[in-house]
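Q: I am new to this structure and would like a close look at a single part of it. Please take one helix, say how it sits, and then follow what lies around it.

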Amino acid sequence: MGGRSPARWWRCALLLLLALALAVAEGRFVVEKNSLRVTSPAALRGVYECAIGNFGMPQYGGTMHGVVVYPKANRKGCKPFSDSGLSFNPKAGGLPVFLLVDRGDCYFTTKGWNAQTAGAAAVLVADDRAEPLITMDTPESAGKEHLENITVPSALVSKRFGDDLKTALENGDMVNVLLDWRESLPHPDERVEYEFWTNSNDECGAKCDMQMNFVRNFRGVAQVLEQRGYTQFAPHYITWYCPEAFVLSKQCTSQCINHGRYCAPDPEQDFTTGYDGKDVVVQNLIQICLFKVANESRKPWLWWDYVHDFAIRCPMKEKKYTRDCANGVIKSLGMDIDKINKCVGDPDADEDNPVLKAEQDAQIGHGSRGDVTILPTFVVNNRQYRGKLDKRAVLRAICSGFEETTEPDICLTQDIQTNQCLENNGGCWLDNNSNNFTACKDTFRGRVCECPIVNGVKFVGDGYTHCEASGVGRCQINNGGCWKETRNGKSVSACSNEVAKGCKCPPGFKGDGIHSCEDIDECKERLFCQCKGCSCENTWGSYECGCGGNNMLYMREHDTCISKVASSSVGWGFLWVIFFGLGFAGVGAYAVYKYRLRSYMDSEIRAIMAQYMPLENQDTSSHQRPVEHADI
């Protein structure tokens, strides 16, 4: 064996150290899954699990119908199918093709790219060994040339299920399947919480390029969602620790800070040139602290601006990947650099850094989320996203995390989902009065039939066949669904805002109140105007009653006639009685008031005088006795 170069030796040593560190910190990796439903043949009908590949674009929140095809040649998909004269583009009116290929001999991404270029809508990889499902990840070095261009979803199926699919296809059966991602991510409420596990390193090849393209493209969307309260975002960074036996080695001192506690791989995988892993850890720490300070000031979206600007202004290849350059970006964003530096602390201190310690703790899986070991990684509602790091794909994943009907408008655009209300109104109720009121509400996952609220008026019903206005103001919309008619400038309606629902013909009419209300002939039915000498004439919705004579007045509430003259004299006499009564009452009240006031004043005067002179009826113990004379 030939001798190894120093750079290669150090590279191997670093990989060994990282392997040791990962072995110590080994935790739980969760395979993210979606369901695959076989609808035919009957022997395979059922729901199966498959593992979502970490490339391509899974249709989070949606479904995809297709037929499974197992190629006659190139069954591992490691070569272009055009070399074998195979094409899987669907014929007009045909279902999309889900290409089944075998695992082995090449990268998963190579299989996905070859399937996509051959016209397949999705790729299913059959495992070649009996084992639990695993995640098909992207390669670390070679095989990345097609990584950013793969858009079809991919999934790994178990060996047993893959063998069953092949057997059915070899027997000539048509295998129809439904790939379903609707429950791949939780969607509990109206806010989505997501994490972005990333790295400040920009010299890691295709993954770093893809990561920066994503930040550049997704920044605006992320900031709008955060500013409007639809999402709660947090960035995170992976670090490892150096095994204690190697803390003072050159490998650890160049790749770690805080005495080997927090480490990152060498950016160039060469200890002798360029930047070291500890430089990456420091920049990661600055980005975490910047987010903490921005979040405390209620502007967490500034993190996206900083990461975007830092990548442009401080790239490694231009030798600007320094703390001074980072400080310049921080100042340009108007942030408190002293607070950020205090958060960063001393990287040379032999003590824990609370921020990086929290990051290491966060790497460990909890609940339904497994350990974070892949960079970059997106976590949506505590479930790891799988697929291409692409603006549209990630936005689909975030949109699928909202409770149905609470999604922001950006989730309902045509390039994200299909509006099912546009075809046959989604099978929901539609107003028949040309007002375009509909119970169909477009959602990211499909549609719901829910009676609407129009101009503050709530419609009630099942949403599918019936909705009617209810509550105050309902008569302003389609007259509440009730009868209404206008004659000779007079409008009459069977709708009343005083009741929450229902239709009732108004007084003077009879009918169901919905389709019709007919005038009641009060004269013919002898309901009113039955007084002696009265003449009755029916009108639309009412009647007119005459009393025979100019001096007679008809009173509707009593259905009787009274004399206009008598009523006037009686009325004025009654008013004069009231006036005189009020006058006498006023005089009497004034007299009582004067009497009580005079009595009060007399008692006050007597009390004052009693303080200064004795009164006749008081005892005077101080009277002088008469002089007595003695006899001499």
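A: A residue is called buried when its relative accessible area is under 20%, and exposed when that area is over 50%. The model is predicted, and the part chosen here is helix α9, residues 337-344.

In α9, the buried residues are Ile337, Ile340, Cys343 and Val344. Viewed down the helix axis, the buried residues of α9 fall within an arc of 120°, so they line one face of the helix. An α-helix has 3.6 residues a turn, so residues three or four places apart point the same way. On the other side of α9, Asp338 and Lys342 are exposed.

The two ends of the helix can be described next. At the start of α9, aspartate 336 has a side-chain oxygen that comes to within 3.1 Å of the backbone nitrogen of aspartate 338. Just after α9 comes glycine 345, with a positive phi of about 75°.

What covers the buried face? The cover over the buried residues of α9 includes helices α6 (277-296), α8 (323-332) and α10. These can be taken in turn.

Helix α6 holds glutamine 283. At 2% relative accessibility, glutamine 283 counts as buried. A polar atom of the glutamine 283 side chain lies 3.2 Å from the backbone oxygen of threonine 322. Leaving aside neighbours within four places in sequence, glutamine 283 is in contact with Ser200, Tyr306, Phe310, Tyr321, Thr322, Arg323 and Ala326.

For α8, which spans 323-332, a link to another helix can be given. Aspartate 309 belongs to helix α7, residues 302-313. With neighbours within four places in sequence left aside, aspartate 309 is in contact with Val329 and Leu333. Aspartate 309 and valine 329 are 20 residues apart along the chain, and their C-alpha atoms are separated by 6.9 Å.

Helix α10 leads on to a sheet. This open sheet has 4 strands in the order β9-β8-β12-β13, with mixed pairing. Strands β9 (231-237) and β13 (383-384) stand at its edges with a single partner strand each, so one side of each has no neighbour in the sheet. Helix α10, residues 354-363, packs on the sheet and touches β8 and β9, and its direction makes about 105° with that of β9. Strand β8, residues 192-198, pairs with β9 in the parallel sense over 7 bridges. Tryptophan 197 has histidine 236 in β9 as its bridge partner. Another helix, α11 (residues 391-399), lies across β8, β9 and β12 (377-380), running at about 20° to β12.

Elsewhere in the chain, strand β5 can be set beside the one-sided burial of α9. In β5, residues 122-126, 5 of the 5 residues are buried, so the strand is largely enclosed by the rest of the structure. Both faces of β5 are covered, with Ala122, Leu124 and Ala126 buried on one side and Val123 and Val125 buried on the other. Strand β4 (residues 97-102) runs parallel to β5 and is joined to it by 5 bridges. The chain passes from β4 through helix α2 (residues 108-117) to β5 in a right-handed β-α-β crossover. β5 also pairs in the parallel sense with strand β6 (residues 154-157), over 4 bridges. Within these pairings, phenylalanine 98 stands opposite alanine 122, and alanine 126 stands opposite valine 157.

Methods:
Residues are numbered from 1 along each chain as its sequence is written. This is a predicted model: local features need pLDDT of at least 70, side-chain atom pairs count only at pLDDT 80 or more; totals for chains, interfaces and linings use all residues. Side-chain values use heavy atoms; hydrogens and water are left out. Two strands pair if DSSP finds at least two bridges between them. Contact means heavy atoms within 4.5 Å. Axes are lines fitted to C-alpha atoms, for helices over the stretch in contact, and angles run from 0 to 180 degrees between N-to-C directions. Buried means under 20% relative accessible area, exposed over 50%, partly exposed in between (1.4 Å probe, protein chains only). The arc is that of the directions from the helix axis to the C-beta atoms. A polar contact is a pair of N or O atoms within 3.5 Å; within protein, one must be able to donate a hydrogen and the other to accept it, and residues adjacent in sequence count only if both atoms are side-chain atoms. A crossover is right-handed if, with the strands pointing away from the viewer, the path from the first strand over the helix to the second runs clockwise.
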